[in-house]
Amino acid sequence: MKNITQIIWIVLLIVCDVNAQQEKGIIGSSNWLNNWTEFKPNIVDYGEANQILAGSISINTKLLKRNIYVLQGDVYVTNNAVLTIEPGTKIIGDFQSKGALIITKGATLIADGLETDPIVFTSNASTKKAGDWGGIIILGDAPINKFGNYSSLNLELDPNFNTYGGTNSVGSSGIIRYVRIEFAGKRIKGNDNFSGLLLAGLGSKTIVENVMVSYCGGNSFDIFGGELNLNKMVSLRSKKDDFKFTQGTQCRIDNSLAIRSSYVSSDSDSRCVEVLGYERKEETDFSKKATVVTATNLTMVNDSENLRADIQAGLIKSAVYIGENASLLFKRSVISGFNPAVLLDSNIEINDKNLKKMQFEAMYFNNCNGNIFTENNTNNEDLESWYGQSVFFNVYSKGNNSETFIDFSNDKKPDYRLQLSKITASK
């Protein structure tokens, strides 16, 4: 595999109209990946912890940059307390006790880092790897689509501090901004893992921006219910999903990046984006809002030196999966190097009503082994014909990486503003 600093970086300016040019994939007037991201976290020395976080935090508490903290076991913020973390603070998840941070319902996390001084959660293992520690969980009181308005996570947490959901769609559970989460996703019983960042039942006033999850043993980002806006998320080499949405969430995600590796994903259900109507059908109240996700200017790329061989070996799956009773509107985004680009649940009937709930507009599908399919059905002519209509402005390409992507090396920070070539498509 290529060194991560030689990863393919997509920046595509595609003519979607005779008179207009639209940007696809991650965008910005400046390189927003600068300063706060880290693509080689396994070689960074964060120092030794000098403070211990354990048990419960039940009063307002501030973590200071001058200290390095270690999370020992599951650490709960309870009793409506506010946990504030200074910019530049380092919090180390303990490998032995599989530390995790859980912000319980009513409590608040203010992790407001800076572009030049991000907050970092990482591992204290001598050789860092995915699943070294737990991750971050934030539980709120916004609506979910389960019966009874409330639910709990199946993650072996303290049952006294494990509920989420409610009726406060505009509530705030705090701020998480300019934060890195590395090597999280510990394994629990069965085949479940913690996520890097799990947001369950969070209200619309919660701020989630500029968050990077790297080398996670579970999903990088899990969104259960609630109403959220996510901006400038980065998922690097997750073993499972990069972004998962379920339980009736009303979520918008913009200007975000997912980089997958053929040799890291753990199973066939590992995807860049998974949009589900529910976790368990029998627990779902279908009179409540169904899952609705709007995704704009996402870049999803599979880092493969030999895409065809990796597909034949079964190492590459679909980039996007849509379950029944869920809606996904995808705009101005790039999907490159998957098998296929999009997969629809086999229970979704292909009709006008359902097609209106699954929209793909001004997309760039590159080098995928098929574009949009229904699960367990190799005939996708109807779907290709529908989404291939000129009104959707979708572009399909089999271009080589050298023709469509930028390749940065020598430890340079990737800069998606620069462009190796422009791909144009007339309509």
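**View 1. N35 sits in the loop between β3 (21-24) and β4 (51-57).** This is a predicted model, and our tour starts with a slightly odd backbone angle. Most residues other than glycine have a negative phi. N35 goes the other way: its phi is positive, about 75 degrees, although it is not a glycine. What about its cover? N35 counts as partly exposed because its relative accessibility is 48%, and the partly exposed class runs between 20% and 50%.

**View 2. Y215 also has a positive phi, about 50 degrees, although it is not a glycine.** To find Y215, look in the loop between β17 (207-214) and β18. Is Y215 buried or exposed? Y215 has 18% relative accessibility, so it counts as buried, the cut-off being under 20%.

**View 3. N339 and P340 are joined by a cis peptide bond.** As a rule, most peptide bonds are trans. Here, though, omega comes out at about -10 degrees. Follow the chain from β26 (334-336) towards β27 (342-344) and you'll meet P340 in the loop between them.

**View 4. Strand β12 (residues 136-139) has buried side chains pointing both ways.** I136 and I138 point to one side, I137 and L139 point to the other, and all of them are buried. Now look at the neighbours of β12. Strand β9 (residues 100-103) runs parallel to β12, and three bridges join the two. Across that pairing, I137 in β12 has I102 opposite it. Strand β16 (residues 197-200) is parallel to β12 as well, this time with four bridges. On that side, look for L139, which stands opposite A200 in β16.

**View 5. Strand β25 (residues 326-331) is mostly covered.** Of its six residues, five are buried. Which strands pair with β25? One of them is β23 (residues 291-303), which pairs with β25 in the parallel sense over six bridges. You can spot this pairing by finding A295 opposite F330 in β25. Another is β28 (residues 358-361), also parallel to β25, with four bridges between them. For that pairing, pick out L329 and its bridge partner in β28, Q359.

**View 6. The largest pocket holds about 790 Å³ of space.** How many residues line this pocket? There are 31 of them, and D192, N219, F224, K244 and E279 lie nearest the centre. Two strands, β13 (151-152) and β18 (221-224), are the elements that give two or more residues to the lining. What kinds of residues make up the lining? It's a mix: 13 are charged, nine are polar and nine are nonpolar.

**View 7. Zooming out, the chain contains 32 strands and four helices.** It has 427 residues, and 58% of them are buried. Next, think about which parts of the sequence touch each other. Take the contacts between residues at least 6 apart in sequence: 71% of these join residues at least 24 apart. Finally, there's the outside of the chain. Its accessible surface comes to about 17,100 Å², and carbon and sulfur atoms account for 44% of that.

Definitions and conventions. Residues are numbered from 1 along each chain as its sequence is written. This is a predicted model: local features need pLDDT of at least 70, side-chain atom pairs count only at pLDDT 80 or more; totals for chains, interfaces and linings use all residues. Side-chain values use heavy atoms; hydrogens and water are left out. Buried means under 20% relative accessible area, exposed over 50%, partly exposed in between (1.4 Å probe, protein chains only). Contact means heavy atoms within 4.5 Å. Accessible areas come from the Shrake-Rupley method with a 1.4 Å probe; for residues, only the protein chains shown count as cover. On a 1 Å grid over the protein atoms alone, a cavity is a set of points where a 1.4 Å probe fits but cannot get out, and a pocket is an open set with protein on both sides within 12 Å along at least five of seven lines; lining residues have an atom within 4 Å of a point. Grid points are joined across faces, edges and corners, and a volume is the space filled by probe spheres set on the points. Ala, Val, Leu, Ile, Met, Phe, Trp, Tyr, Cys and Pro count as nonpolar, Asp, Glu, Lys and Arg as charged, and the others, Gly among them, as polar. Two strands pair if DSSP finds at least two bridges between them.
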